[in-house]
Amino acid sequence: MMNKIHLENKKYWDAAAKLWAKGADSRGTWKRCSQEPHLVLCDKELEYLSDVCGKRVCVLGSGDNEVVFALAGLGSVVTSVDISQNQLDIAEERAKELGFSISFVQADVTDLSTFECGCFDVVYTGGHVVVWVTDLQTYYLEAVRILKPGGLLIVNEYHPFRRIWKESQDTLIVESSYFKRGPFEYDLSEDILGKKPGALKSYEFHWTVGDYISAVMKTDCHLLLIHEHGEEVADWEGAPLQGLPEFLLIIARKNVEQSAGADSEDVAAQL
Ligand SMILES: C[S@@+](CC[C@H](N)C(=O)[O-])C[C@H]1O[C@@H](n2cnc3c(N)ncnc32)[C@H](O)[C@@H]1O
């Protein structure tokens, strides 16, 4: 049975899916990213994905599916996983329009039992997914379980330093301690972009940089890269965040033999 908090978040995303899709339409990126993957994948990600053609890739918490379409454009055999069936239905229509054959699977990232162990070459996740998830460790353990030995885990999440500020035009004011993980409970409407209050419950979690790295290190993987990147500030962020990193990228490889441990030659920490 689905965890109660995830069930509420699922209801929220099912209700918000239409307006989320409208936002994606106004950007228009989903139509371009299969030809221009750099619109949604940074240089480091593209470097690690350079041989992804023909490989089996799973995107967890696929949302607007822009990354899914970019990976399909790079020639991967992609599986798109999301908790919200409405998000998946919209993405499936879009995949048809783009001419891609993608497998869409409704599942919770903390329970990927629908997939066998070791069935993907790459598992990609990020772009505001983990903020909805109660159990970061189980999420990444599941992500790595479905990876083949030697497969790549790519986590590219909104940087935790950006989550703690009060809405303000020109001053940075801390609203909640960096160390307060939540859950943060909101009563919202389906107008996700307008942040309008309403009768839908949503629960968010503010994981720290240390939480992310520790969770990946506790899986059967070794770290290849930790990279903070991006400097853009969008209107919806509501605070003057210039100078703070936008994304935290973690890339790790599943060990070929159990407990091979970290390969220090491979680690390029750029914290
Ligand atoms: C903000 S989107 C992130 C994906 C993409 N970057 C985007 O902007 O659309 C969040 C997505 O995570 C999904 N999601 C939330 N909780 C989830 C869970 N426990 N398991 C799988 N997907 C989940 C939501 O349904 C939503 O589609």
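Author: Two strands pair if DSSP finds at least two bridges between them. Helices (H or I, at least four residues) and strands (E, at least two) are DSSP runs, numbered from the N terminus. This is a predicted model: local features need pLDDT of at least 70, side-chain atom pairs count only at pLDDT 80 or more, and totals for chains, interfaces and linings use all residues. Residues are numbered from 1 along each chain as its sequence is written, and side-chain values use heavy atoms, with hydrogens and water left out.

Reader: Which residue in strand 5 is the bridge partner of V122?
Author: Strand 5 runs from 147 to 158. Strand 4 pairs with strand 5 in the parallel sense, over six bridges. In strand 5, V122 has as its bridge partner L152.

Reader: Is D121 buried or exposed?
Author: D121 sits in strand 4 (residues 120–126). Buried means under 20% relative accessible area, exposed over 50%, and partly exposed in between (1.4 Å probe, protein chains only). D121 has 17%, so D121 is buried.

Reader: Which residue's backbone nitrogen does the side chain of D121 reach?
Author: Contact means heavy atoms within 4.5 Å. Beyond four places in sequence, the contacts of D121 include K55, L147 and L152. At 2.8 Å, the side chain of D121 reaches the backbone nitrogen of R56.

Reader: At what distance does a polar contact join the side chains of N156 and E45?
Author: N156 belongs to strand 5, where nine of the 12 residues are buried. N156 is one of the buried positions, because its relative accessible area is 6%. A polar contact is a pair of N or O atoms within 3.5 Å; within protein, one must be able to donate a hydrogen and the other to accept it, and residues adjacent in sequence count only if both atoms are side-chain atoms. The side chains of N156 and E45 make one at 3.3 Å.

Reader: How far is the D82 side chain from an oxygen atom of the ligand?
Author: D82 is among the closest of the 19 residues around the ligand, counted with a heavy atom within 4 Å. Also among the closest are W20, with a polar side-chain atom 2.8 Å from a ligand oxygen, and D64, with a polar backbone atom at 2.7 Å. For a polar side-chain atom of D82, the distance is 2.5 Å.

Reader: Which helix gives the most residues to the shell around the ligand?
Author: The shell has seven nonpolar, nine polar and three charged residues. With three residues, covering 4–27 in its own span, the top contributor is helix 1.

Reader: Which residue caps the N-terminal end of helix 6?
Author: Helix 6 spans 136–145. Its buried residues include L136, Y139 and V144. Their cover includes strand 1 (56–60), strand 4 and helix 7. A side-chain oxygen lies 3.2 Å from the backbone nitrogen of Q137, and that oxygen belongs to the cap, D135.

Reader: Which strands are included in the cover of the buried residues of helix 7?
Author: In helix 7 (residues 209–217), V209, D211, Y212, I213, A215 and V216 are buried. Helix 6 is part of their cover. The strands included are strand 5, strand 8 (221–229) and strand 9 (247–254).

Reader: How far apart in space are E257 and G150, C-alpha to C-alpha?
Author: E257 lies in the loop between strand 9 and strand 10 (268–269). At 62% relative accessibility, E257 is exposed. E257 and G150 are 107 residues apart in sequence, yet their C-alpha separation is 9.1 Å.

Notes
Nonpolar A, V, L, I, M, F, W, Y, C, P; charged D, E, K, R; others polar.
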